[in-house]
Amino acid sequence: MLKLFSNRVVSLGSMRENGTVVRRVSENPDYAQICREQEYFLVRDRLSEVPEGFAGYLFFEKPSRDVPLVSYLLEPTLSYLRNGDIVKINTSHGTLRTVYRRNSRHNSVLVTERCNNYCLMCSQPPREINDDHLVDELLQTIPLMSRETLSVVITGGEPTLLGERLAQVINAFRCYLPYTAVHVLSNGRSFRDLDYAKAIGQVQHPDLMIGIPLYSDISSKHDYVVQADGAFDDTIRGIINLKTVGVRVEIRVVLHNLTYDRLPELARFIRRNLTFCDHVALMGLEMTGFTRSNLNKLWIDPKDYQAQLRDAVAILDGAKMDVSIYNHQLCILEESLHRFSRKSISDWKNEFMAECNGCTRKRECGGFFSSATLRYTTHITPFHDD
């Protein structure tokens, strides 16, 4: 698991930038002078040459000679940082967060911690705080991202609680990264307001998808899982409104003990009422956030819901819908489901267990969340070539 946050940043120079700063990092000592003024230079070892003119310098070893005025010592766990990555440093608190990795396919940006749901298995438990600074910092970050970035996920909290600022963020991606797919993870409830859905549609982003959870075909059951009365009706209206204004929608179903039993019925509901949606993701449970405190309610070994998963996939695939299985290990899936399995877990928290040693199909397998050590299936069976 990569460590994206560090609270062990030490100031080495006689000056430091005030507050929180967003900087792209460089390893190119020949970088154009005009560009250096906005970037931090990575110094891998104490013997490396230190080119002049950069906004600051990030050292992985404490140098034995004088350092530039703005210089910081980082812990070795951040040595994965590479040219083009973007970091956010708070010099007052001695913290660094990696907000973007140029060579990763799994970049996500947190835009708020606030939410109007309180899902039993939320991996990012909401906080009712003023975090407007997150959007301000993101708007500084987007122009620094590589135009070759394949995709970015916008997540929360609930991004639609930003109101019109969400459209501002999506438009910034459209302007600066026109070839980058943008995936917004939302509960969809705010889109019950058709005017709000129109505001997002009017951005006309060429590759935008809104991922919206739907946990049951029974409204009260969905509302219980998300701990919000009326959420089911809001979500369905939101999905319909988004499609009305031409925004693509993905339906996301997290599978656990409270949702697996009626999974085929939910699939039939989607087939009957929401076939116009663009993708359905059937997702394994992540052992973090509220899942930990609700584990006794939520846990079921994925091996034990294979029949329901198989039937649901058959129903959706039979309706010519695009369906995928996320966050599952290939060896516990029935063979007929292998073609629907995707490597969906972000690379910085994607791991394999000791039982997986020697498996010949790791490259195809979804693997585990790093948090899965808390509890995971007892049915891991590595594949071996004959």
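How many Å should the 14 residues of helix α6 span at 1.5 Å a residue, and how far apart are its end C-alpha atoms? Keep in mind on this tour that the model is predicted.

**Stop 1: helix α6**

Select residues 231-244, which make up helix α6. At 1.5 Å a residue the expected span is 20 Å, and the end C-alpha atoms are 20 Å apart, so the two values agree. Now colour the buried positions of α6: Ala231, Phe232, Asp234, Thr235, Ile236, Gly238, Ile239, Asn241 and Leu242. To see what covers these buried residues, show α4 (194-201), β12 (208-213), α5 (219-226), β13 (248-254) and α7 (263-273), which are among the covering elements. Then step past the end of the helix to Gly246, which follows α6 and has a positive phi, near 85 degrees.

**Stop 2: His222 in α5**

One of the elements covering α6 is α5, and His222 is found in that helix. His222 counts as buried because its relative accessible area is 1%, under the 20% limit. Leaving out residues up to four places away in sequence, select what His222 touches: Pro213, Leu214, Tyr215, Ser216, Ala231, Phe232 and Thr235. Ala231, Phe232 and Thr235 also appear among the buried residues of α6. For a distance check, pick Glu137 as well: His222 and Glu137 are 85 residues apart in sequence, and their C-alpha atoms are 34 Å apart in space.

**Stop 3: helix α3 and the loop before it**

Move to α3 (164-176). The 13 residues of α3 should span 18 Å at 1.5 Å a residue; the end C-alpha atoms are 19 Å apart, which agrees. Its buried residues are Leu166, Ala167, Val169, Ile170, Ala172 and Phe173. These pack against α2 (133-141), β10, β11 (181-185), α4 and β12. Two of those elements, α4 and β12, are also among those that cover the buried residues of α6.

Next select Gly156 and Gly157, which are joined by a cis peptide bond with omega about 20 degrees. Gly157 is in the loop between β10 (151-155) and α3. Most residues other than glycine have a negative phi, and most peptide bonds are trans.

**Stop 4: two residues with positive phi**

Go to the loop between α4 and β12, where Gln204 is found. Phi of Gln204 is near 60 degrees, a positive value in a residue that is not glycine. Is Gln204 buried or exposed? Gln204 is exposed, with a relative accessible area of 64%.

Then select Asn327, in the loop between β15 (323-326) and β16 (350-351). Asn327 is not a glycine either, and its phi is positive, about 65 degrees. With a relative accessible area of 11%, Asn327 is buried.

**Stop 5: the cavities**

Switch on a cavity display. The structure holds two cavities of 30 Å³ or more. The largest has a volume of about 210 Å³. It is lined by 21 residues, and the closest to its centre are Leu285, Trp299, Pro302, Asn327 and Gln329. Asn327 is thus listed here as well as at the previous stop. The lining of the largest cavity divides into 13 nonpolar residues, seven polar and one charged.

The second largest cavity holds about 90 Å³ of space. Of the 14 residues that line the second largest cavity, Cys331, Phe352, Cys356, Cys359 and Cys365 lie nearest its centre. That lining has 10 nonpolar residues, two polar and two charged.

**Stop 6: cysteines and Thr291**

How many disulfides does a search of the whole structure find? The search finds zero. Take Cys122 as an example: the closest cysteine sulfur to its own is in Cys119, 6.0 Å away, which is too far for a bond. A disulfide would need the sulfur atoms within 2.5 Å. Cys122 counts as buried at 18% relative accessibility. Cys175, at 44%, counts as partly exposed.

From Cys122, go to Thr291 in helix α8 (residues 290-293). Thr291 is buried, with a relative accessible area of 0%. Neighbours within four places in sequence aside, Thr291 is in contact with Leu120, Met121, Cys122, Leu285, Glu286 and Leu298. Leu285 leads back to the largest cavity, as one of the residues closest to its centre.

Notes: Residues are numbered from 1 along each chain as its sequence is written. This is a predicted model: local features need pLDDT of at least 70, side-chain atom pairs count only at pLDDT 80 or more; totals for chains, interfaces and linings use all residues. Side-chain values use heavy atoms; hydrogens and water are left out. On a 1 Å grid over the protein atoms alone, a cavity is a set of points where a 1.4 Å probe fits but cannot get out, and a pocket is an open set with protein on both sides within 12 Å along at least five of seven lines; lining residues have an atom within 4 Å of a point. Grid points are joined across faces, edges and corners, and a volume is the space filled by probe spheres set on the points. Ala, Val, Leu, Ile, Met, Phe, Trp, Tyr, Cys and Pro count as nonpolar, Asp, Glu, Lys and Arg as charged, and the others, Gly among them, as polar. Helices (H or I, at least four residues) and strands (E, at least two) are DSSP runs, numbered from the N terminus. The expected span of a helix is 1.5 Å times one less than its number of residues. Buried means under 20% relative accessible area, exposed over 50%, partly exposed in between (1.4 Å probe, protein chains only). Contact means heavy atoms within 4.5 Å.
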